[in-house]
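Here is a friendly note to read alongside the structure. Please keep the view open while you go through the points.

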Amino acid sequence: MINETWRSRKGIGMSTSTARQGLSRLLIIEDSESQLRTITAIMEDEGFKAVGCTTASAALERLQREDFGVAVVDLRLPDLSGTQLVEKIRALNERVIVVINTAHSSFDSAKDALNLGAFAYVEKAGDPEELIRQVHRASRAHLERCVEGLETAVAERTQALQEANKSLRQEYVQRKRAEGQARRNQDELAHAMRLSMMGEMLSGLAHELNQPLGAICIYADACMKMLASGSLDEFAETLEKVSGQALRAGEIISRVQRFVRKEKPLRSGMDLNAVIRDTVSMVEMEAGLDGITMLLDLSDRISPITADSVQIQQVVLNLVRNAFDAMKPMETGEHILTIHSWVEDGNAATVTIGDTGVGLSDKVLARMFEPFFTTKSDGMGLGLSISRSIVEAHGGRLWATPNPDRGATFHIVLPFK
Ligand SMILES: Nc1ncnc2c1ncn2[C@@H]1O[C@H](COP(=O)(O)OP(=O)(O)O)[C@@H](O)[C@H]1O
Ligand SMILES: [Mg+2]
């Protein structure tokens, strides 16, 4: 295919079989039939494939249809002068090498032919060996031209390939940049969702903070009384309780701060079980208010995974809060959330979050991970799609299955590396 293109584009006139022998095809133009036969026979003896014509017009017609490497031209022809024929041959295919062979020519017409691009000039009266020698030289010159043509074509092709390569590289860089932008957009969205999730959890948080704060008030009152009554041992003990409760309140606040912080996602070795426990603490109060029991069964064999702990916490929190939402409307039966973690095949951490909620209809199962799909009147429908993109960005998988009895189970698999 490429050969065909090159041949038609570059007009490299050489049949493959003669080229393989290293000899060009000859076109011999000679008005005397007997001389034509003689020359053709001599050249075929030399191994050339030769075609003979007795007129210029017949020769030009063959040149238009076929590939020849060398033309042996008689300067005296019935229909055109030899010099005119040289000109026409050159115009048709400039790769054809012309050797002039004539008995009648003057020095001038031979010079004209050479000026028009003929390669060599041979006196007919002379030794036929001279014609043979010149035709061999012409054949070599033709082969060299073909090689040059090939080299040019190869060089052009190489340049075209280099340019294609360059534009591919540019496209790659642009795509990488776009991917980076998409990743940044996704991180922004995840952050916005964390803020909105925190907003939804504010009343629960206020309740949670009220506990240590209330306890601090009670212990502080007691301290005053102890100080007045002089029971200093008890006083010191109670003061320690005050500071314990203050630490607990501080921990609640810093958990929120960590979760809503706006920093670039940072992947490092993180303890998945610690993230799960932290998340459970965040919703403990809400679970208590809704009568939900949380059961944890976490494997200590889970080695640290390389991940962004805030984003993974966001996923776990999303799934836990969805589970709560699914259980709240259930009037009968227990409300149990089960979080289970274990090592899968030695190379990935698996976490399942199961609930005893409304379960998954076929329709919900088919569409729940689509952005903006929600069955809740106040839902945004973004939690699961963001969670899945976070998990997949970490090289993991997130999916859901309906439980055989009731409720649903969500599965997170995160590779260790
Ligand atoms: N644990 C679950 N049990 C039953 N349905 C669920 C559960 N988690 C999610 N869903 C379904 O998937 C939908 C999409 O969830 P999500 O993307 O988190 O958005 P949202 O919580 O805002 O509706 C929910 O509206 C609900 O129909
Ligand atoms: Mg949700």
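1. Let's start with one pairing: S10 and S12 run antiparallel and are joined by 7 bridges. Strands (E, at least two residues) and helices (H or I, at least four) are DSSP runs, numbered from the N terminus, and two strands pair if DSSP finds at least two bridges between them. Within this pairing, Thr350 faces Val413 in S12.

2. Before going on, a word on the model and its numbering. The model is predicted, so local features need pLDDT of at least 70 and side-chain atom pairs count only at pLDDT 80 or more, while totals for chains, interfaces and linings use all residues. Residues are numbered from 1 along each chain as its sequence is written, with chains lettered from A and ligands numbered from 1 in the order in which they are written.

3. S10 also has S9 as a partner: strand S9 (residues 336–344) and strand S10 (residues 348–354) run antiparallel, with 7 bridges. Ile339 has Ile353 in S10 as its bridge partner. In their hairpin, 3 residues lie between the strands, and Asp345 has a positive phi near 50°.

4. On the other pairing of S12, the partner is S11, again antiparallel, over 6 bridges. Here Ala400 is opposite Phe410 in S12. The hairpin of S11 and S12 has 5 residues between the strands, and Gly407 takes a positive phi near 85°.

5. Now for the parallel sheet. How are its 5 strands ordered? They form an open sheet in the order S2-S1-S3-S4-S5, with parallel pairing. Strand S2 (49–53) and strand S5 (120–123) are at the edges with a single partner strand each, so one side of each has no neighbour in the sheet. From one strand to the next, the twist averages 20°. S4 (residues 97–102) pairs with S5 over 4 bridges, and Thr102 is opposite Glu123 in S5.

6. Helix H7 (128–200) lies across S1, S3, S4 and S5, at about 165° to S4. For such angles, axes are lines fitted to C-alpha atoms (for helices, over the stretch in contact), and the values run from 0 to 180 degrees between N-to-C directions. Contact means that the C-beta atoms of two residues, placed from the backbone, lie within 7 Å.

7. The largest nonpolar core has 37 residues, and among those touching the most other members are Leu26, Val70 and Val99. A nonpolar core is a set of buried Ala, Val, Leu, Ile, Met, Phe, Trp, Tyr and Cys residues joined through C-beta atoms within 7 Å. Buried means that 20 or more other C-beta atoms, placed from the backbone, lie within 10 Å of the residue's own. Another core, of 32 residues, lies apart from it and includes Met282 and Val315.

8. Which residues come nearest to ligand 1? Of the 22 around it, they are Asn322, Thr374, Gly379, Gly383 and Leu384; a residue is near if its C-beta atom, placed from the backbone, lies within 6 Å. Helix H11 (309–327) and helix H13 (383–393) each supply at least two residues of this shell, and the largest share, 4 residues, comes from H11.

9. Finally, look at H13 itself. Its buried residues include Gly383, Leu384, Ile386 and Ser387. Among what covers the buried residues of H13 are H7, H11, S11 and S12. After H13 comes Gly395, with a positive phi near 80°.

How values were computed
A residue is buried if 20 or more other C-beta atoms lie within 10 Å of its own, exposed if 12 or fewer, and partly exposed in between; C-beta atoms are placed from the backbone.
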